[in-house]
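Let's take a walk through a protein model together. Have the structure open and follow along at your own pace.

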Amino acid sequence: MFYRPEDGHGLPHNPFNAIVSPRPIGWISTRGSTGDNLAPYSFFNAVAYVPPQVMFSSTGRKDSLRNIRETAVFAANIVEYAIRERMNLTSGAYPPDTDEFALAGIAKAECETIDCPRVDGAPATLECRMTEIVTLKGDGNFLIIGEVVGIRLRDDCVVNGRFDVTRFNPVARGGYRDYSVVREVFEMIRPGER
Ligand SMILES: Cc1cc2nc3c(=O)[nH]c(=O)nc-3n(C[C@H](O)[C@H](O)[C@H](O)COP(=O)(O)O)c2cc1C
């Protein structure tokens, strides 16, 4: 089949999210005038090495975006399989003053380099200073880009000098209500590499 998004897909559910998948999940923690906030975003990725930068996008004017406009910082916590249900709980449409850490029973700690909460015990946390908020086409689509100024790795996830994802099994988002989990990795050598 082929379709132009502007004409509709004719399927029972939009396939777009299932096409671009699996997507990593940035579990974004922020602090604002109404308190601390935590929510998952799967329009999330790393976008540069030097300096390291990440992005996520908010499809709507959400609490995370509002807090980042206030403070210019955020943290991206990595989600492990064991905590998937709590991650999902934090995605509810709660009032702005809801602390999703408390609501979902997630231990909170302070970031090292920014005034921002983080998920205590996450396999990794990227502490970010917002560099740009790009207004995307459409109604209420925003791309938030941040420079990673502090990186915390959980000690048991660093094995033989490598950050080992098989130690915690990252969860990724698919389309519909689908998720996937990384339990197996394999290596490939790029042309010209030894
Ligand atoms: C796994 C997962 C991924 C999500 N990814 C996004 C996303 O990329 N962008 C977005 O705007 N909302 C996304 N959502 C929905 C937000 O988490 C949800 O709207 C949440 O209430 C936003 O919280 P906030 O208002 O506290 O920022 C996702 C939800 C789940 C469960």
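## Around the ligand

Which residue has an N or O atom in its side chain 2.5 Å from an oxygen atom of the ligand? That's Ser64, whose side chain makes this contact. Keep in mind as you look that this is a predicted model. The backbone joins in too: a polar backbone atom of Phe43 sits 2.8 Å from an oxygen atom of the ligand, and a polar backbone atom of Ser57 is 2.9 Å from a nitrogen atom of the ligand. On its own the ligand would expose 650 Å², and the protein buries 88% of that.

So who makes up the surroundings? The elements that give two or more residues to the shell around the ligand are β3 (35–41), β5 (53–59) and α2 (63–71). The top contributor is β3, which gives four residues. Altogether, 19 residues surround the ligand, and the closest are Asn37, Tyr41, Ser42, Thr59 and Ser64. Sorted by class, the shell has six nonpolar, nine polar and four charged residues.

## The helix α2

Now take a look at α2, where Asp63, Ser64, Leu65, Asn67 and Ile68 are buried. What covers them? The cover for the buried residues of α2 includes β2 (26–32), β3, β5, β6 (73–78), β9 (124–136) and β10 (141–153). Right after α2 comes Ala72, which takes a positive phi of about 65°.

## Aromatic pairs

How many aromatic pairs does the structure hold? There are three. In one of them, the ring centres of Tyr41 and Phe56 are 4.8 Å apart and the planes meet at 55°, so this pair counts as tilted. Tyr41 belongs to strand β3 and Phe56 to strand β5, so the pair ties together parts that are 15 residues apart in sequence. Are these two buried or exposed? Tyr41 and Phe56 are both buried. Together with Phe74, Tyr41 and Phe56 form one aromatic cluster.

Phe163 and Phe168 also form a tilted pair, with 5.4 Å centre to centre and 40° between the planes. Why does Phe168 count as buried? Because its relative accessibility is 3%, and buried means under 20%. Its partner Phe163 has a relative accessible area of 34%, so Phe163 is partly exposed, falling between the cut-offs of 20% and 50%.

## A closer look at Gln53

Next stop: Gln53, found in strand β5. With a relative accessible area of 21%, Gln53 is partly exposed. Here's the reasoning: a residue must be under 20% to be called buried, so 21% puts Gln53 in the partly exposed class.

Which residues does Gln53 touch, leaving out those up to four places away in sequence? Its contacts are Ala46, Val47, Ala48, Ile145, Gly146, Glu147 and Val148. The side chain of Gln53 also reaches the backbone oxygen of Pro51, at 3.0 Å. Compare that with Asn37: Gln53 and Asn37 are 16 residues apart in sequence, and their C-alpha atoms are 21 Å apart in space.

Definitions and conventions:
Residues numbered from 1 in each chain as written. Predicted model: local features only at pLDDT ≥ 70, side-chain atom pairs only at ≥ 80, totals over all residues. Heavy atoms only, no water. Near = heavy atom within 4 Å. Polar contact = N/O pair within 3.5 Å; in protein donor to acceptor, adjacent residues only side chain to side chain. Areas by Shrake-Rupley, 256 points an atom, 1.4 Å probe, with all protein chains shown as cover. Nonpolar A, V, L, I, M, F, W, Y, C, P; charged D, E, K, R; others polar. Buried < 20%, exposed > 50% of the residue type's maximum accessible area, 1.4 Å probe, protein only. Contact = heavy atoms within 4.5 Å. Phe/Tyr/Trp six-rings, centres within 6.5 Å; stacked < 30°, edge-to-face > 60°.
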